[in-house]
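Let's take a walk through this structure, stopping at a sheet and at some charged side chains. Have the model open and turn it as you read.

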Amino acid sequence: MGTARPPLCERMAAPAPDPQFVLRGAHSAVHALHFCDGAQGLPLLLSGSLHGLVHVWSLQTRRPLATLDGHGGQCVTWLHTLPWGPQLLRSRGPSREWSPAVLWPPPGGSRPAASCSGSQGRDLKLCLWDLEEGRNAVVDTVCLESVGFCRASVLAEAPRRWMLAVPGRGSDEVQVVELPSKTSVSCLKPAAGARLGMPMCLQLWQAESSPRPLLLAGYEDGSLALWDVSARKVCSRVACHSEPVMGLALDPRRARGVSGSAEKALAVWSLEGQQALQVCGTHELTNPGIADLKIRPDSKILATAGWDHRVRVFQWRTMRPLAVLAFHSATVHCVAFDAAGLLAAGSGDQRISVWSLYPPT
Amino acid sequence: MDPMASAVRLAVQEAVRILSSSEDGGHIISTLRSLRRYLGETQTQAPPEEQEEFSRTHFSTVLRCLVGKLSPDWLGLMPDGQLEELWASFFLEGPADQAFLVLMESIEGAASPSFRLMKMAWLLARFLSAGRMAAVMEGQCGQQAGPASRLLQETLLTRVVSLPDRLGNRLQRETLAAFFPQNYFPLLGEEVLRVLHVVVDSLRGGLDCSISFLSQVLGKACVHGRQKEILGVLVPRLTVLTQGNCLWQRVCWRLVECVPDRAMEAVLKGLVEAAPGPDVLSRLLGNLVTKSKKAQFVMTQKLLFLQYSCPTPVLQSLLGYLAMDSQRRPLLMQVLKELLETWGSSSAIRHAPLEQQCYISKAALICLAQLGEAELRASRDELLASLMEGVKSRLDSSLPPVRRLGMIVAEVASARLHPEGPPLKFQYEEDELTREMLALAAPQPAADGPSEAGLPVAPVSGESPDQETVDGGCPQAGHEGSDSELDSDDELIPYDMSGDREQRSSKTPAYVRDCLEALTASEDWERWEAALRALEGLVLKSPAATCEVSLELAKVLLHLEEKTAVAGFEGLRQRALVAVTVADPARVAEYLAAQFYALNYSLRQRMDILDVLALAAQELSRPGRLGRAAQRGPLGPGSQPSGAVIPDWQVVVEERVRRKTRRFCKGSVGRATAAGPNEFSAVAGYFFFPLLQRFDRPVVTFDLLGDDQLVLGRLAHTLGALMYLAVNTAVAVPMGKALLEFVWALRFHGDTYVRRGLLSAVSSVLLSVPAERLLVDLPDELLEARSWLADVAEQDVDEDCRLLAVKALLLLEKLRDRLLPLSSP
């Protein structure tokens, strides 16, 4: 084992890599990114901007294919594509390569200024788009109850049925909505006196071993809670940060995850027996503030979007730092991986950088 | 008269008669054979006394007669060249010195291109290749020199050494390869060595010998400048022969001792250069320096103080030679004292060329390395005194290399003289020279270099096994970390993350006024630093806002002190100040120029003012700044001073366009570069004239004509730069006039740096002021400047000064050439 490893002295550090390409033309800060498969299996990149537009980028031509405007100029903070979506909403048409997007704009524009923005409550909606065959129409909207920074999370329950977790009416509540019926199936409210603050980030998932969907929620007080959605109770709770949790990423295969906050460290935690949260360790950063984290689908590397304008790449298994991508000139708001290993980062400097690092074998 | 002598004479006279008149080949041959009896080596030898009589008295006569008969017909009297062979044998086998002299004489006497001349030349070449030159010199070694033979020796010596010249003169283009100096002198070296072998053998046999003739040959050859050729052969062989052989060593010493005084310098210099090291030199020379006054003078004075051409290894072997023997060591001490005295003399610093100062510094360092502590302690005070004086005057110098020399020598010397005291340490930039000098200061290894040079390499290679074991441990450590992972991430190699620094807090001011406030009032150092960093950009972004506070800003920046260790503080401040000056040139430049002569500034600040003015002027005069050059009128491309900075990418793009574009016809050849009015034009006066006003009026803290000559040099350079940047402006003519007056007033300044500034100022006047105006408005100044430049070009000690003067003279020439066609019709 490890005999082929070259000696340390020979492994000279290569200079920091450059982006493979850069997408320009969002015309405002990029707050959400999501990769999806388009027509003929060509990859697309969706980006959501501060001014309420969603751009659909072709990674072949590196130009926007379409621009979706449905949020009344309010910041788009979360993008997701639903598998098998068109069947539900539109049953005709033989080709279904394009999926509708679930786009959710929170009310308040960029994150730190949200609570004092004048646009509260005006556009509390989550739009479902039909993107099939080049259409770009809103087919449905989900009205949201809460004004917050929190991104939603979606979980496919069964074909054509999804579970959507969004912040609820009360400031510390999380609401779980079933789509497409839009019925609220449960409301997760912490015990009185827990004083967790607002939910900041959500992650729904279902372990293979158990039929019960679980929800990981990061709260304003820096703690992380694991909810059993059906039982509507907290299975486990751990305080990983002293600042609000800004983002979390979960690797269900290893039952391990990582979260970032406004402070200067990442926290790595594990789910013992799928039930108990336990902090495995923290990883110090050079500069404080993490806006988003993603683990690549092959679970090899982790990317973080930093307030320090940098994207940091770690080896996920060991949390060994691999690269610091200092390309952007403003806060990086979001990162995303596609299945083929491409990394995209969207930033306040209105650019989206796309990187090809450590290609999966 | 001795009957034997008369018998010989009769026989010779008869033979000569037959030779000169007979046409019968057989008769001639038999006559020649009979004469050969006297040379020996035939079956019928003449008695020895007859042989001696013949060779002493009659040999030259016979040879001359033979030379006189030489012609194609005469040689053709017998077939197969029998006669020629017999004829040549007289020259090759008879007494060598006479044969050589007759050969040389006949060659010089022969008609220029002739059969005889060529025959004789070939014969001389044979004579040389047969090694007869050794015989010539050997003949001179045994003799006791009487008055007559000394004359003969003199003649012989001249002929031996000047053979290539004489043959070259006679034969012109037909001269033979053997007579080329590069071939002849090595051969002469070989012959000298052979004679030395003979001499050593006969000394072993108990016979007395004199080698003064050899010394003279050596001396004369060296005086003729053939040290390399002759010593290049001699020294390596003698190095081997003298190793552990006292007899050879003594012969060698004697050889050099006997060199006449006038040739001593040439020989010693050649030997010092050719000897591979001090020990060889010591074997070859012995204690020559203590015996011969001339040699001592050459070795301790001439090669060290009057010349500076020896390369460092030669210097090392010379001083090493002095250090190798206890009798010679006092000389080394003496040399060191004198070296340091010269090194410390302020007049020498001012007037000696930089190369010589370097040379003397190196010599002093080598001496210090060679001398022991006890010896140094004995005359420590004296050495320290001259050292300190030198350090002081060197640190005062305005030339960085001179200052650096002072620092290095002071460091090394003080460490050697005061080993117990705290070490002296200066800050200077390392370059090749400093490294070389510091290496000289380290004591020389006693043994030969190559064997030791190999040693330090060994430990380096020896480390590699250690590294392997370290690496061997690494994978295991990495393996422990992997729990139940199936996939190994080992191939993920980190990129370079050295650029990952902490981000500065966002206290950066957004407006010029904020910066001003942060720089003056702020106690928050992060904000202060951020303001300093942001200032240049803000000033460039908003010139209008800058103009409102330009004076305050300039004042603040000029007085700004580096309160925290900000990386690149000087550069930041200077760039900001330049930006402010460019934004509001008239007022700020006037203010800065006025402050240059104000009371309470440090020299550093004054020089900063000069730099800022020059840089701002350069920025203002840069064509196409602010990108609004294109729409302006057609000012010719030549009208702008060169040095416009084109961004790299622009060059690349233009090159690409040019390559991919086919042009069917070409318009104007030179593409007009961004043309625009020289913005410096309107404000040049504010930059220039206030600086000239008060240079001759010292104030308490600032005396340009006194101690602060460094600033004066900077001032001269800055004025030159401003003049140059004011090209094509209306104010150039009065500026040029004022600048030439300034130069005239200071033209004999003692400081090299100042003179360089003045010379470059003259050049920029010549470049910037239009030629016609120069002639109309400044004819007298030009004439004066010209004679001064001619003087400097010939006589200045500094090479750069001479070069600058020559350049200025060339500009003047060009100017005259341009004006003459105008004025001639």
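What follows starts with a sheet in chain A and then moves on to salt bridges in both chains.

Before you zoom in, keep in mind that this is a predicted model. Begin in chain A, where four strands make up an open sheet, running in the order 10-11-12-13 with antiparallel pairing. Look for the edges: they are strand 10 (153-158) and strand 13 of chain A, each of which pairs on one side only. Going from one strand to the next, the twist averages 25°. Now pick out strand 12 and strand 13 of chain A, which pair in the antiparallel sense over five bridges. To get your bearings there, find Val177(A), which stands opposite Ser184(A) in strand 13 of chain A.

Stay in this part of chain A for the first salt bridge. Which side chain does Asp172(A) meet? The partner is Lys189(A), at 3.7 Å from N to O. These two come from distant parts of the chain, 17 residues apart. Asp172(A) sits in the loop between strand 11 (161-167) and strand 12 (174-179) of chain A, while Lys189(A) belongs to the loop between strand 13 (183-188) and strand 14 (199-206) of chain A. Lys189(A) has a relative accessible area of 48%, so it counts as partly exposed.

Over in chain B, try helix 10 (residues 181-204). Here Arg204(B) and Asp201(B) join their side chains in a salt bridge of 3.6 Å, N to O. Why are they about one helical turn from each other? Because they are three residues apart in that helix. Arg204(B) counts as exposed because its relative accessibility is 53%, and the cut-off for exposed is over 50%. Asp201(B), at 48%, is partly exposed.

Helix 30 (residues 525-541) of chain B has a pair with another spacing to look at: Glu529(B) and Arg533(B) are four residues apart, again about one helical turn. Their side chains form a salt bridge at 3.0 Å, N to O. Is Glu529(B) buried or exposed? It is buried, since its relative accessibility is 15% and buried means under 20%. Arg533(B), with a relative accessible area of 36%, is partly exposed.

One more stop in chain B: Glu570(B), Arg573(B), Arg604(B) and Asp608(B) are tied together by a network of salt bridges. And how many salt bridges are there over all chains? A search of the whole structure turns up 51.

Notes
Residues numbered from 1 in each chain as written. Chains lettered and ligands numbered in written order. Predicted model: local features only at pLDDT ≥ 70, side-chain atom pairs only at ≥ 80, totals over all residues. Heavy atoms only, no water. Salt bridge = Lys/Arg side-chain N within 4 Å of Asp/Glu carboxyl O. Buried < 20%, exposed > 50% of the residue type's maximum accessible area, 1.4 Å probe, protein only. Pairing = 2+ DSSP bridges. Axes fitted to C-alpha atoms, helices over the stretch in contact; angles between N-to-C directions.
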